[in-house]
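Thanks, everyone, for making the time this morning. I would like to walk you through one structure, going from the overall picture to a few helix pairs and then to some single residues.

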Amino acid sequence: EKMHSGTIRWRMLFDGMIGRGKVSRNADNKERGALTHSERPTVSHIPYISIIVPVYNSEAYLPDLFSSLENQTFEDYEVIFVDDGSTDRSLSLLESFFQRDPRVSIIHQENAGGASARNRGIDHAKGELMICIDSDDTLSPVLLEHMALPFENSDVGMVISYIDTYYEDTGEYRSMPWAVNVDLATNTPFPPASAIDLFRDVIGYIGNKMIRRSIIEKHNLRFQTIRSHDDLSFVYATMAASPKIVILDEELYHYRRRSNGSSITDTTMIDLYECAFVALYDLKSKLIAMNIWADFSQMFTNYALYMCKWKVDIAPGNKADEIRRHLRDEWFRKLDLLGFPRSYYLHSEEFSFIGETLDYENQNARKEEILRLNNEVKKLKTQNNRIRSSHSFRVGHMLTAIPRALRRIANK
């Protein structure tokens, strides 16, 4: 595992957490500063961290997840698995894990989607901190340890780690630099409103984010039950509601990319593009309800435009036209993306996208008219060539040769 470059910085915090019994250090692992399990928490113990895992037909991946949980160097946690109506052996595997680890609990529900399952887990969570992970992903052994440390600062409401991708067909790990902008400050708390493009700089994915649970309870924040982008508004609303956030420069979360190129949480399905706009509208509503819209309105506008343009860019021709029409006729105004001075828009390509989309029908009409005229010219040329090659045209051309010659002489 890659070690966090700021680990030394947190050494005094390690000692403080050890003193409160939250972690214990194994003397054999002093060199890398690793922490290992000591006594299991008792049933009545209130855990420091709640881990919420929605599960749907994940039997092939649960053993790897179990191992990464058991190998955590931070021991004071609970795991809440929410079985979302699995039809494979997932529930049986969960029950086996439950039998061997008292920190595990299982909730079963009829299939209702990952967002509903996470919300059920949140309702049962007891920890001061919370993290939601996907059942096909795995964690660095030090994820809980390192992500919990910055919360010793009471202003910190969210801690974000870098992510890498695990490709199961090759067994290799690759960095995901686009998931968190590496130019953002790391290992130090900062107010989220101070990074003007933060929503764009940090992917709205839940797995690599640990949250102070009191923030989401204060504002009653929950995941949207939509088919795609169900974590977008929750992540960014929680981020914005945090007095300060911390980004750790270590790849602690391992996102699995399956051999067929998919993941349980793929959200780029073209036909579900409107879910992104619904999620953005929900985020806007949350920011307004929390009375922080003024601090984040510009950040929201630029991120929303980025998402709108991305949805058009990845769509094939006819679908892209459909998305543009919906943006022009409804979503640009509903999301409040229009009418600002040029300086308000942080990226020229998104500013240009507004004009292109609003004028899209006229552009198409002009293109269609030009195409129609070009086709007419082609037809006339074809007819002209056909006439000139006919027998009657050649005879008439010969009979009029002398009069045409005399006319040319007269014109001189």
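**Overall picture**

Of the 412 residues in this protein, 49% count as buried, and I should say at once that what you are looking at is a predicted model. The chain is made up of 15 helices and 11 strands. If we take the contacts in the protein with a separation of 6 or more, 79% of them are accounted for by residues 24 or more positions apart.

Let me turn to the helix pairs, beginning with α9, which covers residues 273-289, and α11, which covers residues 317-334. Their axes come within 11 Å and cross at roughly 15°, and with angles under 35 degrees counting as roughly parallel, α9 and α11 are therefore roughly parallel to each other. The crossing in which α9 passes α11 is right-handed. On the α9 side the residues involved are Tyr273, Glu274, Phe277, Val278, Tyr281 and Lys284, and in α11 they meet a set that includes Ile323, His326, Leu327 and Trp331. Sorted by class, this contact of α9 with α11 has 7 nonpolar, 1 polar and 6 charged residues.

The second pair is α10, residues 293-313, with α12, residues 348-358, whose axes come within 10 Å and cross at roughly 70°. That angle makes α10 roughly perpendicular to α12, since the range from 65 to 115 degrees is the one that counts as such. Here α10 passes α12 in a left-handed crossing. From α10 the contact draws on Asn302, Leu305, Tyr306, Cys308, Lys309 and Val312, which meet Glu349, Glu350, Phe353 and Ile354 in α12. The residues of this contact of α10 with α12 divide into 6 nonpolar, 1 polar and 3 charged.

What about helix α8, residues 232-241: how many of its residues are buried? The count is 10 of the 10, so α8 is largely enclosed by the rest of the structure. Among those buried residues of α8 are Leu232, Phe234, Tyr236, Thr238 and Met239.

Just ahead on my list is His229, which sits in the loop between α7 (213-218) and α8. His229 has phi near 60°, a positive value in a residue other than glycine, and at 8% relative accessibility this histidine counts as buried, the cut-off being under 20%. Asn187, found in the loop between β9 (172-175) and α6 (198-201), also deserves a mention, with phi near 65°, again a positive value in a residue other than glycine. Its relative accessible area is 6%, and so Asn187 is buried.

Another loop residue is Phe151, placed between α5 (143-148) and β8 (156-167). Is Phe151 buried or exposed? With a relative accessible area of 3%, Phe151 is buried. Leaving aside neighbours within four places in sequence, the contacts of Phe151 include Tyr48, Leu129, Met158, Met210 and Arg212. For Leu129, which lies 22 residues from Phe151 along the chain, the C-alpha atoms of the two are separated by 8.5 Å.

I will finish with the cysteines. The structure holds 0 disulfides. Cys132, at 1% relative accessibility, counts as buried, and Cys275, with a relative accessible area of 13%, is buried too.

Note on methods: Residues are numbered from 1 along each chain as its sequence is written. This is a predicted model: local features need pLDDT of at least 70, side-chain atom pairs count only at pLDDT 80 or more; totals for chains, interfaces and linings use all residues. Side-chain values use heavy atoms; hydrogens and water are left out. Axes are lines fitted to C-alpha atoms, for helices over the stretch in contact, and angles run from 0 to 180 degrees between N-to-C directions. Helices (H or I, at least four residues) and strands (E, at least two) are DSSP runs, numbered from the N terminus. Angles under 35 degrees count as roughly parallel, over 145 as roughly antiparallel, 65 to 115 as roughly perpendicular and the rest as oblique. A crossing is left-handed if the near helix is turned anticlockwise from the far one by less than a right angle, and right-handed if clockwise. Contact means heavy atoms within 4.5 Å. Ala, Val, Leu, Ile, Met, Phe, Trp, Tyr, Cys and Pro count as nonpolar, Asp, Glu, Lys and Arg as charged, and the others, Gly among them, as polar. A disulfide is a pair of cysteine sulfur atoms within 2.5 Å. Buried means under 20% relative accessible area, exposed over 50%, partly exposed in between (1.4 Å probe, protein chains only).
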